[in-house]
Amino acid sequence: MRIYECADYSAMSRQAANIISAQVILEPQCVLGLATGSTPIGTYEQLVEWYKKGDLSFAGVRSVNLDEYRGLSAEHDQSYRYFMQTHLFDHVDIRRENTNVPNGMAEDPAAECARYDQIIRDLGGIDLQLLGMGHNGHIGFNEPTDYFPLGTHLVDLTQSTIEANKRFFASEADVPRQALTMGVGSIMSAKSVLVVVSGADKAAIVRSAFCGPITPQVPASILQLHPHVTLVGDRAALTEIRKEGVAVCG
Ligand code: GLP
């Protein structure tokens, strides 16, 4: 694993955007696995800025997003489809038909999960998967549990995730209780993985995910077994993992 420590959130965002843009420039038809949450917002802003300058194009890029809330439509301003449109897709030349987000309104979630896995297979898998991390170590919406789910599945959100995400909704009661998420198997099958972490509140989980035991109780810990993981964090998020004496690039 390669770890980049950045001075602050904006440096972290630029470094992550650099890695994504290198991928897109080297492989214009690549498949990007994309993430939501507050952490990657600055990364997307940077990519949009470079796109507007003419430094990169998403015209050939295909994308698959990690997850979507169950019961939220694409037009709902807290849906992850809406997030992707407003933070990235609407501002660059990616083709709408080349972007994929699970359908949170699907009447048959099992069929939607199977459809989504087929999309990932048809694309030939993911070249670069961007990930944030929940405070409990979740990746996508793979919550702590007693096994690592392989494919896309319906998940009951934990109270800690509902608490963490309620800031985006009018009240806690409005936070959906379920989501559709890509499985840990699909994430681990990506050729490379880019994890972004920011803030002191992530420091403890970053340490346990990357230096603690590999356990489905900390879903991100499975990334220790992935051969090409890059962790990009700001100084605050890396304070705990630093104590393990891991090698960090400046
Ligand atoms: C959500 C998303 C995750 C994301 C996590 C952390 O629950 N499903 O993909 O990594 O939030 O979000 P934040 O970056 O806001 O801390």
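This report covers the ligand site and the main sheet of a predicted model.

**Ligand site**

The ligand occupies the largest pocket. Around the ligand stand 14 residues. Ser38, Thr39, Asp67, His138 and Lys202 come nearest. By class, the shell holds 8 polar, 3 charged and 3 nonpolar residues.

Polar contacts to the ligand include those in the table below. Each pair falls within the 3.5 Å cut-off for N or O atoms.

| Residue | Protein atom | Ligand atom | Distance |
|---|---|---|---|
| Lys202 | polar side-chain atom | oxygen | 2.7 Å |
| Gly140 | polar backbone atom | nitrogen | 3.2 Å |
| Met133 | polar backbone atom | oxygen | 3.3 Å |

Lys202 thus appears twice: it is among the residues that come nearest, and its side chain supplies a polar atom at 2.7 Å from a ligand oxygen. Gly140 and Met133 use backbone atoms instead.

How much of the ligand does the protein cover? On its own, the ligand has 390 Å² of accessible area, and the protein covers 95% of that.

**Sheet**

The sheet is open and has 7 strands. Their order is β1-β10-β9-β6-β2-β3-β5, with parallel pairing. Which strands stand at the edges? They are β1 (2-6) and β5 (99-100). Each has a single partner strand, so one side of each is left without a neighbour in the sheet.

Further in, β6 is followed by β2 in the strand order. Strand β2 spans residues 31-34 and strand β6 spans residues 128-131. They pair in the parallel sense over 2 bridges. Here Leu32 stands opposite Leu128 in β6.

How values were computed. Residues numbered from 1 in each chain as written. Predicted model: local features only at pLDDT ≥ 70, side-chain atom pairs only at ≥ 80, totals over all residues. Heavy atoms only, no water. Near = heavy atom within 4 Å. Polar contact = N/O pair within 3.5 Å; in protein donor to acceptor, adjacent residues only side chain to side chain. Areas by Shrake-Rupley, 256 points an atom, 1.4 Å probe, with all protein chains shown as cover. 1 Å grid on protein atoms, 1.4 Å probe; cavity = no way out; pocket = protein on both sides within 12 Å on 5 of 7 lines; lining within 4 Å. Sits in = over half its atoms within 2 Å of the grid points. Nonpolar A, V, L, I, M, F, W, Y, C, P; charged D, E, K, R; others polar. Pairing = 2+ DSSP bridges. Helix = DSSP H or I, 4+ residues; strand = E, 2+ residues; numbered from the N terminus.
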